[in-house]
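Q: Could you take me through one part of this structure up close? I'd like to see how the strands line up and what sits against them.

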Amino acid sequence: MRFASLLVYTDEGPEARRRIALAGEIAGLFQSHLIGMAASLPHVPQIDPYAGGAMLGEMLGLFRDMAETDVGRARALFWDVVGETADQAEWRGDVGYPSDLVVQALRAADLVILGRCDPTRRPARSPDPAEVLMAAGRPVLIVPPAIAIGPVGTPAVIAWKDCREAQRAVAAALPLLGASSIVHVIEVCTAEQAEDARDRVSDVAIFLGRHGIVASAQTVQGDGGPRSDQIIAFAEDRGAGLIVAGGYGHARLREWVMGGVTHGLLERSPVCLLLSH
């Protein structure tokens with residue numbers, strides 16, 4: 001079980017540096033090819049095109065140059081962090097809408113590694129993980145701003161829900177789950193659902209065991225609060241470095257509606273989060 005190729009999105013700042021370093025660690029573990037990527041969409045000024053004339057063309061050229069400069073800085077950061085593994089890495093940078101370009105580039109990778117959505121960052125500069133998740137045919141690993149513990153060699157938590165998204169997420173996560181010290185398969189449920197839930201999580205744990213992965217299974221009784229918060233609390237109590245879950249939601253044009261658990265995990269997970277839709 002391995003990832004042959006990884007794609008890591010690169011913007012700027014310490015968060016990006018930590019994300020690239022983590023991608024390099026995972027790539028080293030599986031001897032994967034590592035693709036660094038950045039994109040930037042030029043700003044389009046709000047002026048009358050009939051009144052602007054040549055000035056409009058100059059402004060558009062200026063904003064494109066600024067976007068290319070953004071991509072150039074990200075490229076320099078990627079190669080600075082990658083360092084000695086450069087012979088197993090490549091760079092892809094372009095001018096355009098980041099989420100769309102990431103989805104297109106995923107034809108060349110098994111997994112994409114992104115930062116958490118930050119409202120202070122422009123969507124023209126960084127992809128929205130929810131957009132990528134809903135449009136891509138690959139799993140998404142979302143890295144929190146500060147990584148207290150990594151997903152390699154630490155416990156992992158599978159937030160189980162009996163649906164195809166969760167099945168796909170577990171299958172996609174097998175390489176990382178195999179690199180975990182133990183995998184806790186949990187389902188948050190009501191007391192009335194506990195018996196059936198125990199059968200479901202036991203099946204998943206047995207499946208993992210047949211792949212040589214040490215796994216435990218248990219149910220967690222819902223406390224009436226957000227289930228995402230209970231999953232996060234469970235992961236923190238176990239010292240987990242990874243949460244795996246299905247990405248639930250649907251898309252309508254560019255209005256993305258995520259399920260409550262998915263939305264909560266995307267917003268608040270303090271550890272790496274692997275989702276598949």
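A: Let's start with β6 (residues 156–159) and β9 (residues 242–246), which pair in the parallel sense over four bridges in this predicted model. To find one of those spots on screen, click on Val157: its bridge partner in β9 is Ile243. What holds a pairing like this together? Strands of a sheet pair through backbone hydrogen bonds, and they can do that either parallel or antiparallel.

Now zoom out a bit. β6 and β9 sit side by side in an open sheet of ten strands, and the full order reads β3-β2-β1-β4-β5-β12-β9-β6-β7-β8. The pairing across this sheet is mixed. At the edges you'll find β3 (89–95) and β8 (215–221), each pairing on one side only. Neighbouring strands are turned by 20° against each other on average, ignoring direction.

Next, look at what lies on the sheet. Helix α1 (residues 14–30) lies across β1 (5–9), β2 (33–40), β4 (111–115), β5 (140–143) and β12 (272–276). Compared with β1, helix α1 runs at about 175°. Helix α4 (residues 98–105) packs on the sheet too, touching β1, β2, β3 and β4. The direction of α4 makes about 155° with that of β2.

One last stop is β12, which covers 272–276. Cys272 is buried, with a relative accessible area of 0%. Cys163 is buried as well, at 16%. And if you're wondering about disulfides, a search of the whole structure finds zero.

Note on methods
Residues are numbered from 1 along each chain as its sequence is written. This is a predicted model: local features need pLDDT of at least 70, side-chain atom pairs count only at pLDDT 80 or more; totals for chains, interfaces and linings use all residues. Side-chain values use heavy atoms; hydrogens and water are left out. A disulfide is a pair of cysteine sulfur atoms within 2.5 Å. Buried means under 20% relative accessible area, exposed over 50%, partly exposed in between (1.4 Å probe, protein chains only). Two strands pair if DSSP finds at least two bridges between them. Helices (H or I, at least four residues) and strands (E, at least two) are DSSP runs, numbered from the N terminus. Axes are lines fitted to C-alpha atoms, for helices over the stretch in contact, and angles run from 0 to 180 degrees between N-to-C directions. Contact means heavy atoms within 4.5 Å.
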